[in-house]
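Subject: Handover of a structure and summary of findings

Dear colleague,

Please find below the structure that I am handing over to you. A summary of what was found in it follows.

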Amino acid sequence: MCTLSCLPLSQGYSLMMNRDESPLRAPARTLVQRELDGVCGPMQALLPVDGAAGGTWIGVNEDGVAFALMNQYPDGYQRPLGAQSRGRLIPEALRVDASMLGLERVAALDLTKTPP
């Protein structure tokens, strides 16, 4: 199970998360800095990268906007063939300077092949 914690600080916050480490999952690569095509131009983001799929489950951009993914599978859920990785959602959400805009970007995507 994943756990996400947010600790408010006098200047900003500390965001911490563990990843649900399935024994079938490839180890994550080191935290990387990635340039994203932001809505208003290039934007820097920090995020860990999944060792197999290349996606991520948490990240923060240069404006302090952060997003994380939590798994929630209904009982009996079977991943459909052709499912798209949820790991593509975090970089998409981080392309903006405000968290609500990031949520709007993800909500506008076709998520029919994205697991819960």
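In what follows, contact means that heavy atoms lie within 4.5 Å. Please note that the model is a predicted one.

I begin with T114, to which this definition applies. Apart from its neighbours within four places in sequence, T114 is in contact with Q84, R86, R88 and L89. T114 lies in the segment after α2. A polar contact also joins the side chain of T114 to the side chain of R88, at 2.6 Å. T114 has a relative accessible area of 14%, and it therefore counts as buried, the cut-off being under 20%.

L89, one of the residues that T114 contacts, leads to the nonpolar core. The largest such core has 12 residues: L36, A45, L47, V49, V65, F67, L69, L89, I90, A93, L94 and V106. Two elements give two or more residues each to this core, namely β4 (41–49) and α1 (89–93). V106, also a member of the core, touches L89, A93 and L111 when residues up to four places away in sequence are not counted.

The charged side chains come next. The structure holds 2 salt bridges, and E92, R95 and R105 are linked through them in a network. In one, the side chains of R105 and E92 meet at 2.4 Å, N to O. This pair links distant parts of the chain, with R105 in helix α2 (residues 99–107) and E92 in helix α1, 13 residues apart. In the other, the side chains of R95 and E92 meet at 3.4 Å, N to O.

As to exposure, R95 and E92 are both buried. E92 is assigned to that class because its relative accessibility is 17%, and the limit is under 20%. R105 has a relative accessible area of 29%, so it is classed as partly exposed, a class that lies between 20% and 50%.

Finally, I turn to the start of the chain and its strands. Strand β1 (residues 3–9) pairs with strand β2 (residues 12–18) in the antiparallel sense, over 7 bridges. The two strands are joined by a hairpin through 2 residues. Within this pairing, L7 stands opposite S14 in β2.

To look at these findings in the model, you may wish to begin with E92, which takes part in the salt bridge with R95 and in the salt bridge with R105.

Yours sincerely

Conventions:
Residues numbered from 1 in each chain as written. Predicted model: local features only at pLDDT ≥ 70, side-chain atom pairs only at ≥ 80, totals over all residues. Heavy atoms only, no water. Core = buried A, V, L, I, M, F, W, Y, C linked by side-chain atoms within 4.5 Å. Buried < 20%, exposed > 50% of the residue type's maximum accessible area, 1.4 Å probe, protein only. Helix = DSSP H or I, 4+ residues; strand = E, 2+ residues; numbered from the N terminus. Salt bridge = Lys/Arg side-chain N within 4 Å of Asp/Glu carboxyl O. Pairing = 2+ DSSP bridges. Polar contact = N/O pair within 3.5 Å; in protein donor to acceptor, adjacent residues only side chain to side chain.
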